[in-house]
Amino acid sequence: VQLQASGGGLVQAGGSLRLSCAASGRTFSSYYMAWFHQAPGKEREFVAGVTQSGRTTRYADSVKGRFTISRDNAKNTVYLQMNSLKPEDTAVYYCAAGSLIDTNPNRYDYWGQGTLVTVSS
């Protein structure tokens, strides 16, 4: 499956952004989908994940209550709604597809190209 992330940009602290990740192929609904982010000089970190059905989600503690992950299997798309953004959320955000729920980026099979989110103070 090929993944294409979009929706990043520059936003002031306290603002919102919605990231999208469009997938090609007919097997999108069979994959667990996740968002990771990577700040300069840091490792790639798990942000949020959603199961194949969309019924179960998982979040990093740092984004709980602020970010919401969702998916639309009919549109082969996963979303990340980001509210109350903070300067420390600044990073390149990547979507990823895998077979299992996991926070380890090495467990994912497919990656999007990344979209930059910059939050100014």
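In the predicted model, Cys21 and Cys95 form a disulfide, with their sulfur atoms 2.1 Å apart. The count of disulfides comes to 1. The torsion about the S-S bond of Cys21 and Cys95 is about 60°, and the disulfide is therefore right-handed. This pair connects distant parts of the chain, Cys21 belonging to strand β3 and Cys95 to strand β9, 74 residues apart. Both Cys21 and Cys95 are buried.

Strand β3, which carries Cys21, is mostly covered, 5 of its 7 residues being buried. Strands β1 and β3 run antiparallel and are joined by 4 bridges; Ser6 stands opposite Ser20 of β3. Strands β3 and β8 are likewise antiparallel, with 6 bridges between them. Within this second pairing, Leu17 has Met82 of β8 as its bridge partner.

Nonpolar packing was examined next. In soluble globular proteins, nonpolar side chains tend to be buried together. The largest nonpolar core of the model comprises 30 residues, of which Trp35, Leu80, Met82 and Tyr93 touch the most other members. At least two residues of this core come from each of β1 (3-6), β3 (17-23), β4 (32-38), β5 (45-50), β7 (67-72), β8 (77-82), β9 (91-98) and β11 (115-120). Another core, of 6 residues, lies apart from the largest one and includes Ala34, Phe36, Ala96 and Tyr108. With neighbours within four places in sequence left aside, Met82 is in contact with Gly15, Ser16, Leu17, Leu19, Arg66, Phe67, Tyr93 and Val117. The contacts of Met82 thus include Leu17, its bridge partner, and Tyr93, listed with Met82 among the core residues that touch the most other members.

A second methionine, Met33, is placed in strand β4. Its relative accessible area is 0%, so Met33 is buried. When residues up to four places away in sequence are not counted, Met33 touches Leu3, Phe28, Ala48, Gly49, Val50, Ile69, Arg71, Val78, Ala96 and Ala97. One of these residues, Ala96, is also a member of the 6-residue core. Two others, Phe28 and Arg71, interact with each other: Arg71 lies over the face of Phe28, at 4.5 Å from the ring centre. The C-alpha atoms of Met33 and Gln2 are separated by 12 Å, the two residues being 31 residues apart along the chain.

Aromatic rings form a further group of interactions. A pair of aromatic rings is described by the distance of the centres and the angle of the planes. The count comes to 7 aromatic pairs. In one of them, Tyr31 and Tyr110, the ring centres are 5.7 Å apart and the planes stand at 90°, so the arrangement is edge-to-face. Tyr31 lies in the loop between β3 and β4 and Tyr110 in strand β10 (residues 110-111), so that the pair links parts of the chain 79 residues apart. The two rings differ in exposure class: Tyr31, with a relative accessible area of 14%, is buried, whereas Tyr110, at 30%, counts as partly exposed.

The rings of Phe36 and Tyr108 also pair edge-to-face, because their planes are at 80°, with the centres 5.2 Å apart. This pair too links distant parts of the chain, Phe36 being in strand β4 and Tyr108 in the loop between β9 and β10, 72 residues apart. Phe36 is buried, with a relative accessible area of 0%, and Tyr108, at 6%, also counts as buried. Both residues belong to the 6-residue core. They are also members of one aromatic cluster, formed by Tyr32, Phe36, Phe46, Tyr94, Tyr108 and Trp111. Over the face of Trp111, a member of this cluster, lies Arg44, at 4.7 Å from the ring centre.

Outside these groups, Glu88 is situated in the loop between β8 and β9. At 58% relative accessibility, above the 50% cut-off, Glu88 counts as exposed. Glu88 and Ala39 are 49 residues apart in sequence, with a C-alpha to C-alpha distance of 8.8 Å in space.

Note on methods: Residues are numbered from 1 along each chain as its sequence is written. This is a predicted model: local features need pLDDT of at least 70, side-chain atom pairs count only at pLDDT 80 or more; totals for chains, interfaces and linings use all residues. Side-chain values use heavy atoms; hydrogens and water are left out. A nonpolar core is a set of buried Ala, Val, Leu, Ile, Met, Phe, Trp, Tyr and Cys residues joined through side-chain atoms within 4.5 Å. Buried means under 20% relative accessible area, exposed over 50%, partly exposed in between (1.4 Å probe, protein chains only). Contact means heavy atoms within 4.5 Å. Two strands pair if DSSP finds at least two bridges between them. Rings of Phe, Tyr and Trp (its six-membered ring) pair if their centres lie within 6.5 Å; planes under 30 degrees apart count as stacked, over 60 as edge-to-face and the rest as tilted. A charge sits over a ring if NZ of Lys or CZ of Arg is within 6 Å of the ring centre and within 35 degrees of the ring normal. A disulfide is a pair of cysteine sulfur atoms within 2.5 Å.
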